[in-house]
Amino acid sequence: MDFNTIIVRFGEMSTKGKNKKDFINRLAASIQNSLKDYLDSFTLIKRHDHIFIELKEEIPSLIDILKEISGMYSFSLALKVEDCELDNLKTIALEQIKKEEGLTFKMKTHRIDKSYPYTSDDINRQIAGMILKNTNLKVDVHNPDILFNIEIRDDGAYLFTKTIKGMGGYPKGAIGRSLMMLSGGIDSPVASYLLMRRGIELNFIHYASPPYTSSAVILKLEDILKELNKYQNKINLWIVPFTKIQEEIYNNTFEGYEVTIMRRMMYRLAEKLAKKLHIYSLANGESLGQVASQTIESLYTINSVTNYPIIRPLATYDKVDIIEIAKKINTYDISIRPYEDCCTIFPIKKPKTHPKIEECLKIEAKFDYQSLIDKAIEEVELRVIK
């Protein structure tokens, strides 16, 4: 079927009441940004129930681009017909359904413009009759090969047979901002994707420990973030020097507490940077029970160093599901590149699965971690990924 218009639906966004207008404006801005190379090729029209993208010419890879815009529940490839006279609609509908593949069809009309002189049932019957007389198609109201939709609006009729599932969630930045702790493994990019599709704009913090970690890790992170650029066009990556803090941890820590103390320091660093950036939540790729630091007791002990809300979108996911999403968003093959990050450079024989806050405080009293944290934040490096 031919199309000259995209009908964009909001899904969950349509429930947002007084904030709905702001959400629609954000979604419209995201669409325009994603299609910024083709601004002369379309006109964007915002309405309370849908956004319409009226095409002046063909846009390459349009469907693939629209699938990666958060806040878009679904979209239809529609043919807009300004002359809504019923005989004209019958003629065009017959012409268009002949271009579809299938043996059966069903008509579905939605008359948004109630001043239109025919009811939805009248339109369905008359157009279906025309199709039955002039094709070999049969009607199947339960499981048709072709679902032929018509929406009658005040500016014309919209005919479509194809509706495509979008990314869902909310438009970029509609829910707020968060600072994501990015390691370079499989989990944190997937967690980032899930947060982006919920309308959270992310900054990223990475803990670098040269010379123990390679500069190739940073290149790996940049490649991951380039994939995530599909969902957020500009990404700030903050690289925190972590070497001195990590050395002090391993010089002063009881056996088994290394990971716990390291994670507590990471949270302190992330909170300090977030406050500096006026960001009011932290996020990471932690799940439940995958590693020693992800038991409930470990999370409690680690989390006790900050009052910031911590968003853990993978909390209930198992590894198989996480890997499936990573492959879907093209980060899996990058994540498994064999470059160690700060979490893997020092082997831990028996990491504590039930660490105690009191024991952590005894360890942390052995060295001046606060001055090390302050210095690390002063020396943080920013890389912008577009």
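Colleague: Let's start with one residue: is Tyr118 buried or exposed, or somewhere in between?

Modeller: Somewhere in between: Tyr118 has 31% relative accessibility, so it counts as partly exposed. Keep in mind that we're looking at a predicted model.

Colleague: And Tyr116, buried or exposed?

Modeller: Tyr116 has a relative accessible area of 9%. Buried means under 20%, so Tyr116 is buried.

Colleague: Okay, now aromatic pairs. How many does the structure hold?

Modeller: Here's the general idea: a pair of aromatic rings is described by the distance of the centres and the angle of the planes. This structure holds six such pairs. One of them joins the two residues we just met, Tyr116 and Tyr118: their ring centres are 6.0 Å apart, with 50° between the planes, which makes the pair tilted.

Colleague: What kind of pair do Phe367 and Tyr369 form?

Modeller: That one is edge-to-face, at 6.2 Å centre to centre and with 70° between the planes. Phe367 is buried, by the way, with a relative accessible area of 9%.

Colleague: What lies over the face of Tyr332?

Modeller: Lys327 does, at 5.1 Å from the ring centre.

Colleague: On to sheets. How should I read a strand order, and what is it for the sheet of eight strands?

Modeller: In general, strands of a sheet pair through backbone hydrogen bonds, either parallel or antiparallel. The eight-strand sheet here is open and mixed in its pairing, and its order reads 2-3-1-4-8-7-5-6. Strand 2 (42–46) and strand 6 (138–139) are at the edges with a single partner strand each, so one side of each has no neighbour in the sheet.

Colleague: In what sense do strand 2 and strand 3 pair?

Modeller: Antiparallel, over five bridges, with strand 3 covering residues 50–55. Try finding one bridge yourself: Lys46 has Ile51 of strand 3 as its partner. While you're in this sheet, look for helix 4 (residues 120–134), which lies across strand 5 (104–111), strand 6 and strand 7 (146–153). Helix 4 runs at about 150° to strand 5.

Colleague: What order does the sheet of six strands have?

Modeller: Its order is 13-12-9-10-11-14, and this sheet is also open, with mixed pairing. Strand 13 (310–311) and strand 14 (381–385) are its edge strands, each pairing on one side only. For a parallel pair, look at strand 9 (residues 176–181) and strand 12 (residues 282–283), which share two bridges; there, Met180 has Ala283 as its bridge partner.

Colleague: Which strands does helix 8 touch?

Modeller: Helix 8 (residues 258–276) packs on the sheet and touches strands 9, 10, 11, 12 and 13, with its direction at about 145° to that of strand 9. Helix 5 (residues 187–197) lies across strands 9, 10, 11, 12 and 13 too, running at about 160° to strand 10.

Colleague: Last topic, nonpolar cores. Which residues have the most contacts inside the largest one?

Modeller: Tyr207, Met265 and Leu269, in a core of 34 residues. Elements that each supply at least two of its residues include strand 10, helix 7 (243–252) and helix 12 (357–364). Helix 8 gives the most, with nine residues. Another core, of 33 residues, lies apart from it, and Met167, Met196, Ala326 and Tyr332 are among its members.

Colleague: And what do the buried residues of helix 9 pack against?

Modeller: Helix 8, strand 13 and helix 12. The buried residues in helix 9 (residues 296–303) are Ser298, Leu299, Thr301, Ile302 and Asn303.

Definitions and conventions: Residues numbered from 1 in each chain as written. Predicted model: local features only at pLDDT ≥ 70, side-chain atom pairs only at ≥ 80, totals over all residues. Heavy atoms only, no water. Pairing = 2+ DSSP bridges. Helix = DSSP H or I, 4+ residues; strand = E, 2+ residues; numbered from the N terminus. Contact = heavy atoms within 4.5 Å. Axes fitted to C-alpha atoms, helices over the stretch in contact; angles between N-to-C directions. Phe/Tyr/Trp six-rings, centres within 6.5 Å; stacked < 30°, edge-to-face > 60°. Buried < 20%, exposed > 50% of the residue type's maximum accessible area, 1.4 Å probe, protein only. Lys NZ or Arg CZ within 6 Å of the ring centre and 35° of its normal. Core = buried A, V, L, I, M, F, W, Y, C linked by side-chain atoms within 4.5 Å.
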